Amino acid sequence: MSRQLRPFPNVDIYPLLPMQQAMLSHALLEDNQSLYIESVVLTIRGALDVERWKAALNSVADETPALRTVFVWEGVNRPVQVVEPSVFIPTEVVDCDGYTPEDLRGRVARYVEHQSRIGFDLRYSPLFRQALFRVNRNRTLVIWTHHHIILDGWSLCLLVNAVLQRFSASEATESVVSNTPRFGDY
């Protein structure tokens, strides 16, 4: 089924950058879900307020076009990226309390491998998801999985900083990334 591209007031449509075009072509030709799937594991020390963390990530996603981007290649002359008005980042919470360090490493490795295997359908958002592995009440592993077509290493660092700032902010609604240049300006 092809998606009809109609002008919506809050939807931006952009051509693909050359690297995105290459990634899309490889993903479609190879039909390999694990191609360009990346996971990063962050360690949060101290008690983590899970609901506040999820709210911080989703608030940053509302201000970060890359996290709201999907790709359309069927029924159009050239592939494009469409920035949807909003997105909800799913979060899986896994209780790992009592795991030995070896068991925890194995569980995380299996999770990351599974995420790579299931991949993403580039036509549907989000192309990013997270899992929180609660090791104990003072340590949580945050696993972010995304398709490289939306984030590179540099932008991932910016995302980590934005979420940490939002999470640390005294008010969850305080804007910390609104001065980020728009992709369309690029």
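Among contacts in the protein chain between residues at least 6 apart in sequence, what percentage join residues at least 24 apart? In this predicted model, the share of such contacts that join residues at least 24 apart is 72%. The protein chain contains four helices and seven strands. Read from the N terminus, these elements follow the order β-α-β-α-β-β-β-α-β-β-α. Of the 186 residues in the protein chain, 40% are buried. The accessible surface of the protein chain amounts to about 10600 Å², and carbon and sulfur atoms account for 52% of this surface.

The strands are considered next. Strand β3 spans residues 69-72, and both of its faces are covered. On one side lie Thr69 and Phe71, on the other Val70 and Val72, and all of these residues are buried. In general, the side chains of a regular strand alternate between the two faces of the sheet. Strand β3 pairs with strand β4, which comprises residues 80-83. The two strands are joined in the antiparallel sense, over four bridges. Within this pairing, Val70 is placed opposite Val82 of β4.

A further buried position is found in strand β7, which covers residues 139-147 and includes Thr145. The relative accessible area of Thr145 is 0%, so this residue counts as buried, the limit being under 20%. Which residues does Thr145 contact, apart from its neighbours within four places in sequence? These partners are Ile37, Glu38, Ser39, Gln115, Phe120, Leu127, Phe128 and Arg129. With one of them, Ser39, Thr145 also shares a polar contact between side chains, at 2.8 Å.

Charged side chains provide another set of contacts. In general, side chains of opposite charge can pair when their charged atoms come close. The structure contains six salt bridges. One of these links the side chains of Glu51 and Lys54, with an N to O distance of 3.2 Å. Both residues belong to helix α2 (residues 50-63), and because they are three residues apart there, about one helical turn separates them. Glu51 has a relative accessibility of 52%, and therefore counts as exposed, for which the value must be over 50%.

A second salt bridge within a helix joins the side chains of Arg117 and Glu113, at 2.2 Å from N to O. These two residues are four residues apart in helix α3 (residues 101-118), so that about one helical turn lies between them. Are Arg117 and Glu113 buried, partly exposed or exposed? Arg117 has a relative accessible area of 47% and is therefore partly exposed. Glu113, with a relative accessibility of 43%, is likewise partly exposed.

Arg123 and Asp121 form another salt bridge, in which the closest N and O atoms are 2.8 Å apart. This salt bridge is part of a network, in which salt bridges with shared partners connect Glu74, Asp121 and Arg123. Two members of the network can be described by their accessibility. Arg123, at 25% relative accessibility, is partly exposed. Asp121 is also partly exposed, its relative accessible area being 32%.

Terms used. Residues numbered from 1 in each chain as written. Predicted model: local features only at pLDDT ≥ 70, side-chain atom pairs only at ≥ 80, totals over all residues. Heavy atoms only, no water. Buried < 20%, exposed > 50% of the residue type's maximum accessible area, 1.4 Å probe, protein only. Polar contact = N/O pair within 3.5 Å; in protein donor to acceptor, adjacent residues only side chain to side chain. Contact = heavy atoms within 4.5 Å. Pairing = 2+ DSSP bridges. Salt bridge = Lys/Arg side-chain N within 4 Å of Asp/Glu carboxyl O. Areas by Shrake-Rupley, 256 points an atom, 1.4 Å probe, with all protein chains shown as cover.
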